[in-house]
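Here are my notes on the model you sent over. Have the structure open while you read, and look for each piece as it comes up.

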Amino acid sequence: KQIAMKLTPSNLNKYTMYKLPSAYFSGVRVKDLQTKSCEVTVGLNWFNKNPFKSMYFAVQAMAAELSTGALLMYQIQKLDKDISMLVAQNNSTYTKKAVGKITFTCVDGFAIEEAVAKAAFSGEGETIWVKSIGVDEKGDQVSEFNFLWTLKLKTKKK
């Protein structure tokens with residue numbers, strides 16, 4: 001199967017240390033994972049800042065992607081199916097300098113649950129656009145990311 005560990009924020013953070021080290025060392029951390037939402041934080045530090053004294057856009061993208069990908073992993077694990085997942089497209093908008101601690105939240109869990117179920121039981125590939133919004137400590141939006149995830153049930157090779 002794809003993921004053997006129980007998906008908790010703590011286990012996902014350990015997972016990033018080994019499987020996504022650039023995210024881990026940039027300070028990206030899963031704070032909350034539930035059926036309908038996932039929250040990921042990252043604080044501005046010397047390692048992830050740009051020359052303009054704000055957070056590098058790619059670090060924001062890693063945190064935003066993890067908030068969507070963790071929800072996909074969660075739903076896949078609930079069904080106990082071997083489903084591949086891959087980002088096919090993404091886009092983003094930046095509305096304010098990202099300084100301090102930024103929280104990325106994806107609340108598309110129910111739509112993700114439906115897409116994963118379709119992929120698992122139809123055997124056909126599925127795609128789903130999911131959104132993650134980044135806000136600063138004042139609650140102001142700093143960025144918005146959209147990811148097109150592809151899902152496909154893995155078939156056994158003969």
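How many bridges join E5 to E6, and do the two strands run parallel or antiparallel? Keep that in mind for the second point.

1. Start with the overall sheet. This is a predicted model, and in it six strands form an open sheet, in the order E1-E2-E4-E5-E6-E3 with antiparallel pairing. Strand E1 (29-33) and strand E3 (83-94) sit at the edges, each pairing on one side only. Neighbouring strands are turned by 25° against each other on average, if you ignore direction.

2. Now back to the opening question. E5 and E6 run antiparallel and are joined by ten bridges. One pair to look for is Lys-131, whose bridge partner in E6 is Asn-146. The hairpin of these two strands has five residues between them, and there Gly-139 takes a positive phi near 90°.

3. On its other side in the strand order, E5 (residues 126-135) pairs with E4 (residues 101-106), again in the antiparallel sense, over three bridges. Here you can pick out Phe-104, which has Gly-134 of E5 as its bridge partner.

4. E5 also shows two faces nicely. As a rule, side chains in a regular strand alternate between the two faces of the sheet. In E5, the covered face has Glu-126, Ile-128, Val-130, Ser-132 and Gly-134, while Thr-127, Trp-129, Lys-131, Ile-133 and Val-135 make up the uncovered one.

5. What packs on the sheet? Helix H4 (residues 109-122) does, touching E3, E5 and strand E6 (141-153). The direction of H4 makes about 155° with that of E5.

6. Next, have a look at E1 and E2. These strands pair in the antiparallel sense over four bridges, and a hairpin of four residues joins them. Leu-33 stands opposite Cys-38 in E2. Thr-41 is in strand E2 too. Is Thr-41 buried or exposed? Thr-41 counts as buried because its relative accessibility is 5%, and the cut-off for buried is under 20%. Among the residues Thr-41 touches are Val-28, Arg-29, Lys-101 and Ile-102.

7. For a contrast in setting, go to the loop between strand E2 (38-43) and helix H3 (57-79), where you'll find Phe-47. Phe-47 is partly exposed, with a relative accessible area of 43%. Together with Phe-25 and Trp-46, Phe-47 makes a nonpolar surface patch of about 430 Å².

8. Last topic: salt bridges, of which the structure holds six. Glu-113 forms one with Lys-78, with the closest N and O atoms 3.0 Å apart. Glu-113 lies in helix H4 and Lys-78 in helix H3, so this pair ties together parts that are 35 residues apart in sequence. Glu-113 is partly exposed at 29% relative accessibility, and Lys-78 is partly exposed at 43%.

9. Another salt bridge links Asp-82 with Lys-154, at 3.9 Å between the closest N and O atoms. Asp-82 is in the loop between H3 and E3, and Lys-154 is in the segment after E6, so the parts tied together here are 72 residues apart in sequence.

10. Two more spots to check. Glu-114 and Lys-118 meet in a salt bridge (4.0 Å, N to O); being four residues apart in helix H4, they are separated by about one helical turn. Finally, Lys-96, Asp-136 and Asp-140 are linked in a network of salt bridges.

Technical notes:
Residues are numbered from 1 along each chain as its sequence is written. This is a predicted model: local features need pLDDT of at least 70, side-chain atom pairs count only at pLDDT 80 or more; totals for chains, interfaces and linings use all residues. Side-chain values use heavy atoms; hydrogens and water are left out. Two strands pair if DSSP finds at least two bridges between them. Axes are lines fitted to C-alpha atoms, for helices over the stretch in contact, and angles run from 0 to 180 degrees between N-to-C directions. Contact means heavy atoms within 4.5 Å. Patches are made of residues with over 30% relative accessible area and no salt bridge: like charges are joined within 9 Å, nonpolar side chains (Val, Leu, Ile, Met, Phe, Trp, Tyr) within 5 Å. Accessible areas come from the Shrake-Rupley method with a 1.4 Å probe; for residues, only the protein chains shown count as cover. A salt bridge is a side-chain nitrogen of Lys or Arg within 4 Å of a carboxyl oxygen of Asp or Glu. Buried means under 20% relative accessible area, exposed over 50%, partly exposed in between (1.4 Å probe, protein chains only). Lists of a residue's contacts leave out its neighbours within four places in sequence.
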